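Got your viewer open? Let's take a walk through this model, one selection at a time.

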Number of protein chains: 2
Amino acid sequence: MMKHTIPSDIEIAQAAKPLPIQEIAKGLDIPEEALEPYGKYKGKVSLDVLKRLERQKDGKVVLVTAINPTPAGEGKSTVTVGLGQALNRIGKQAIVALREPSLGPSMGMKGGAAGGGYSQVIPMEDINLHFTGDIHSITAAHNLLAAVIDNHLHQGNALDIDPRRIIWKRVLDLNDRALRNIVIGLGGPAHGIPREDGFDITVASEIMAILCLALDLEDLKARLSRMVVAYNRQHVPIFVSDLGVEGALTVLLKDALHPNLVQTLENTPAFVHGGPFANIAHGCNSIVATKMATKLGDYVVTEAGFGADLGAEKFLDIKMRAGAMKPSAVVIVATIRALKMHGGLQKDQLQEKNLEALHKGMSNLEKHIETIEAFGLPYVVAINRFISDSEAELSFLQEWCEARGVTPALTNVWEEGGKGGEALAHAVVQVIEQKENHFKPLYELEESIEDKITEIVKKVYGGQGVEFSSLAAKQLKEIEQQGWGALPVCMAKTQYSLSDDPKKLGRPKDFVIHVRELRPRIGAGFIVALTGDILTMPGLPKLPAALQMDISSEGVISGLF
Amino acid sequence: MMKHTIPSDIEIAQAAKPLPIQEIAKGLDIPEEALEPYGKYKGKVSLDVLKRLERQKDGKVVLVTAINPTPAGEGKSTVTVGLGQALNRIGKQAIVALREPSLGPSMGMKGGAAGGGYSQVIPMEDINLHFTGDIHSITAAHNLLAAVIDNHLHQGNALDIDPRRIIWKRVLDLNDRALRNIVIGLGGPAHGIPREDGFDITVASEIMAILCLALDLEDLKARLSRMVVAYNRQHVPIFVSDLGVEGALTVLLKDALHPNLVQTLENTPAFVHGGPFANIAHGCNSIVATKMATKLGDYVVTEAGFGADLGAEKFLDIKMRAGAMKPSAVVIVATIRALKMHGGLQKDQLQEKNLEALHKGMSNLEKHIETIEAFGLPYVVAINRFISDSEAELSFLQEWCEARGVTPALTNVWEEGGKGGEALAHAVVQVIEQKENHFKPLYELEESIEDKITEIVKKVYGGQGVEFSSLAAKQLKEIEQQGWGALPVCMAKTQYSLSDDPKKLGRPKDFVIHVRELRPRIGAGFIVALTGDILTMPGLPKLPAALQMDISSEGVISGLF
C-alpha cells in the first residue's frame, strides 16, 4: 500500500459519490416502507423484513478475523469491506456487516472503524460520530436503570438491596479514566445514599451485548428484564424485572434494535450495527443485522473484533450459538509488518527486510490457524500488503502457507478497493465450495464455567491452565449455585497477546491465564471472565485524537483519522 | 376541556395522519437539498437556508409565556401549538418554534413537552425520546471536555489547573440525584487525580445554552472556545481554547446545530430545537430555529419555559438581544384552576367554584402582566379552558381583564385543536396591528452584574432586593475583575414562585432573593445566578414515570404520558 501517494481516509470518503440510501435498499429488495432514512445516506431497516424472509435460504457467512493486533496495523475492517466489494466485482451478491464505532477510541487514539483507503463504509464521518444514535440510546437506557436503582435505595429500598452489592455501574461512550472508581450520593440526605460506583465505556454495557444478541423486540425486552443489577442483603439476585423498568428500557432501545444500512465506497450494501469491544465484551455486530444480511445477500462478510483469540472465539461460541447460525468460512488477516513485530521488531524497524523476525512472528498466525481448524471451519489467510513488504518476505509467507496446505491470498484493498481483493474473493469462494465444513463450537454448554474457561485457554490461547483469584473462585461457586452454569463464557482479555500479558507477543507458551473476577450477564446470556489487568473504561492518551479535530465554517471536518 | 371523553395524548398522536416531512418542507419553500430526513416525519434543515434568506423580511415573533406553574397545569406548550394551528386556520402563515424535551423529566414526572390533546407536535414519541439526537450530542461533547480536563491533570497538568477549582462538571440527560455530589479519580495512580465533582442534567449544560444562542457554525466554535472550565493556581481562568478541544466539540455538535423540522397534528410546520430548562438555564429554543422560522413564515409562535418571571425575562433579555431580534407580541397563559391554586386552594379543591380564591390568585397574573408591560410589548391573556371552569369564574376573569384594558381570549385548543384557538389568534393579530410596540430589554448591559440582578428582582419578581452569600459577593468582584461584568444575567430560580421560595404562591411581597452562587458562562455569554435551593440535577420521584412505560412486541408504546 502506498499511503503517501493517495489521499487520507477522510479525503477519500469526502470525495465519494454515494447512492441515495433508498437506491441501496431497492437493490436489496427492501420495501420502501421498511426503510427509515437518517439523512440521505443512512437508513434503519425494520425487523419486519427479517420476519417476512424467515423461510428464505441463508446466504453464506464469511467471518474476517486476524492475528493479534500490533501498532503496525492489520487492516481487518479494511479487508472486510474490500472483500465485500471484491465479491461483488466477481459476480457474487455480497453484503458487508460491521460493528458501529464507539466515540471513546475515536476521540482517544484508535482511529475509525469504518475501514480505510478505498475500502471504507460511508458516510465515514457520521458513522464515526453519532451515526444513527444507537450507542447514545444504550447510554441513556443503561444510566436510567442506574438512576432507578439509586432512587430505589433513596426512596426506602423496599427490595432491601445491599448498596455494597450493586453490580450495575454507569456508562459513558468515552475514554475517561477518572470515572473508573468514584463515590456517589454525597452531600447529605437529600442527595442519595453514598456508595462506591464507577463508569464503564458504553460498548462494555450488558445492554450493548443484549442489543447485539436479541432476535427481536420481544427477546430484547425479555433479556433486559433478566439482567442482574444487585443482590439483596440475603445475597439473592435483584433483576431488572424486580424494579419494573424493562418496559422503559425497551422503549429507549426500540429504534436502536433496527439494523443500520449504509454502503461502501463502491456502493456495496453494508449493515453497520452494534459495537461491543472484543477485549471487554463479545466483539461482534448484531445478530439481527447479520441475519438480515444473510436473507438479503448470497455472501455476508462480517468481522469480529481484535484477533481470533478474542473476536472469532466469541463470534463462534457465543454469537453463532445465540443466533442458531453457521459460518461458511473464515478469513485470517495478517500483514508482514505485524508478523515481524510478533517476531520481536519495534515499529521503527519495520521498513527493512527481516526474514528472521518474520519467521519467528509466524508463530502467532500459526496459533490462530490452529484455532480456526479446531472449530472445523474452512479458511483463507489474507496477506494485506504494505509498500514496505519485500518480495523475499512475501515469498516466504506464501511458501510457509503452501507448505501447510493453507490457502493464502494477497490483498491490496486499501489502495485499490474491491479490485485489490479479487484474489481473496476467489480464494474464499473456492474454500467454501471445495473444503468441508465441520463447524462446531469449542465447548458444550453443559460443561462447568471453570471447564469452559480452561478449554478456551488451552485450545484457543495455547496456555497451560487457569488461575482463579479467591474472589473469582468464590464467584464460580455462586454462579453454579444460581443455576447460571450452563451459560457460555465471554472472556475479557488484552488483545495484544494470546496470554493475559500484553507484552508477550508471538506465540507465548507455558503461561497461565489469571481470572480476576467473574461478572454474570444473565440478560446477555453469558458470564464475563475478567483476566489480567483488562479495564472496562479506557483512558485518554497524552495527546488525544480529539485535539487534532476541526471543522471549517462551511462544515468540512478535518483530523478525524 | 373534557379530558375524560377524548383519548390520551399518545393515542391521539398515534392516530394522527402526518404528511411526509418532505411535503412540510416543500410548503415552506425549503429546497430539497437543504432537508436531511430523520425517518419519515422528522428532518433537519441546513443553516444554508438561513444564509440564503438573510435579506428576507422577518415574520412576527409571538412569545407564549404563563403565570407561575402549579400542579393544576397551564398548558403553555399546548396553547403555543394550538395558536400556531389557529393562525393558519384564520389565513395567516404560521410556524411553531418549541424546545425539544429532555429525557430526565419524561422518565421522572413532568410529562411530555410536545403539547397535548389535539394541539401536539408529532411524532410525539420520537420527540419525547431521542428525537434527532441533539441532546445526546451535547452530553457527548460536554463529557468529552470533562474527560480532557481530567486527562490533562493526569498527564502532567501543563496548564497548572487547580483541581479544586474545576468548574466544568459532567452531565447526563437524566434525573439522578445520586450523581449531584461525587468524588472521582479514586483507585490509585493509574486512575486519575481524586477530586470532588458532580453531574448536572444535560439541559443545564453551558453547551446547551450555546447551541441555542449560536448564530452559525463559526459562532458555535467561537463560543465553545470561550467557555471557562477551571482556574489555575494563580486564579487565572482556563478556557476551552487553552485545552485546544474546541474543534472536536464543534465536530460533535455540527448536526445538532441544524434546526429540527416536524409538524403539528394539523400539519402546521414546527421547529423543535434546543431545550434548556428555564429554572436552571435560559429556557428558550434555539435562535437559529426561531430566526429560520421568521424567514419562512409570517407568524412565529414560540414559547419560553415556566412563568414570565423566568422564561419570558430571559427570552427578552438574553435571547432577543443575542439574536438581534424583536418580538411582536406576548401571550400570557393562565387557567382558572391554576389561578385558584395561587389563591390558596389545594389541587383536590379545584373542582368547585371559588371566586374568592380566584380573586386572590389573580395577583400572580397581574404581576406577569406588569412585567410584560415593563418590556413595552403588546400582549394578550389566554385563558386555557378546563371542564371544571364555572361560567361565574370565567365572567369574573373576563371582567377583571377588561377593567384593566387587557385583551383576554378563551382557548380550548386541547380539545378542539386550532379551532379552539381562533379567538386567541384573532386577538394576537389585533394587538400586533393596533397596539404600539416599545420593546426594550429590562436592563442595559453596561450596568453591573449586581445592578442587573437587582433590577430583575425588583421589576420582574416584585421583590425588595437581593442578598448575596459571601461566596456570591466574592464572585461578583471576581467577575467584574475578569471583565465579564457587561454580560447579561441568567437567573436560576424556582419556577413555582415569584420569590425563591417555592411555597410562596400568588404574588408574594416583602421578600428578598438569596443569590447563593454565580457561575460564569462566558461561552453562552451570561452569568448564571443560582438562587434559593435550586438544583441543576433533578431527582426521580418515588414512582418514576419510567415504571409505567411499555412497548408491545409490535412496537406500540404505552405509558409515555
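Before we click on anything, one term: two residues are in contact when they have heavy atoms within 4.5 Å of each other. Keep in mind, too, that you're looking at a predicted model.

**Stop 1: Glu455(A)**

Start in chain A and select helix α19, residues 449-461; Glu455(A) sits in this helix. Is Glu455(A) buried or exposed? Its relative accessibility is 17%, and the cut-off for buried is under 20%, so Glu455(A) counts as buried. Now show what surrounds it: setting aside neighbours within four places in sequence, Glu455(A) touches Leu442(A), Tyr443(A), Glu447(A) and Val460(A).

**Stop 2: Gln155(B)**

Hop over to chain B and pick Gln155(B), in the loop that runs between α7 and β7 (161-166). This residue is partly exposed, with a relative accessible area of 23%. Which residues does Gln155(B) contact, once neighbours within four places in sequence are left aside? Look across to chain A: the contacts are Arg177(A), Leu540(A), Pro541(A) and Lys542(A). If you like using the distance tool, try Gln155(B) to Gly108(B): they are 47 residues apart along the chain, and their C-alpha atoms are separated by 39 Å.

**Stop 3: where α7(B) meets α8(B)**

Stay in chain B and select helix α7 (residues 134-154) together with helix α8 (residues 206-213). Their axes come within 9 Å and cross at roughly 125°, which makes α7(B) oblique to α8(B). The crossing is right-handed. To see who makes the contact, show side chains for Ile135(B), Ile138(B), Ala141(B) and His142(B) on α7(B), then Ile207(B), Met208(B) and Leu211(B) on α8(B). Colour that contact by class and you'll get 6 nonpolar residues, 1 polar and no charged ones.

**Stop 4: α4(B)**

Last selection: helix α4 of chain B, residues 76-89. How far should its 14 residues span? At 1.5 Å a residue, the expected span is 20 Å, and the end C-alpha atoms are 20 Å apart, so the two agree. Next, turn on a surface: α4(B) is mostly covered, with 12 of its 14 residues buried. Among the buried ones are Lys76(B), Ser77(B), Val79(B), Val81(B), Leu83(B), Gln85(B) and Leu87(B). Finish by stepping past the helix to Gly91(B), which follows α4(B) and has a positive phi, near 95°.

Technical notes:
Residues numbered from 1 in each chain as written. Chains lettered and ligands numbered in written order. Predicted model: local features only at pLDDT ≥ 70, side-chain atom pairs only at ≥ 80, totals over all residues. Heavy atoms only, no water. Axes fitted to C-alpha atoms, helices over the stretch in contact; angles between N-to-C directions. Helix = DSSP H or I, 4+ residues; strand = E, 2+ residues; numbered from the N terminus. Parallel < 35°, antiparallel > 145°, perpendicular 65-115°, else oblique. Left-handed = near helix turned anticlockwise from the far one by under 90°. Nonpolar A, V, L, I, M, F, W, Y, C, P; charged D, E, K, R; others polar. Expected span 1.5 Å × (residues − 1). Buried < 20%, exposed > 50% of the residue type's maximum accessible area, 1.4 Å probe, protein only.
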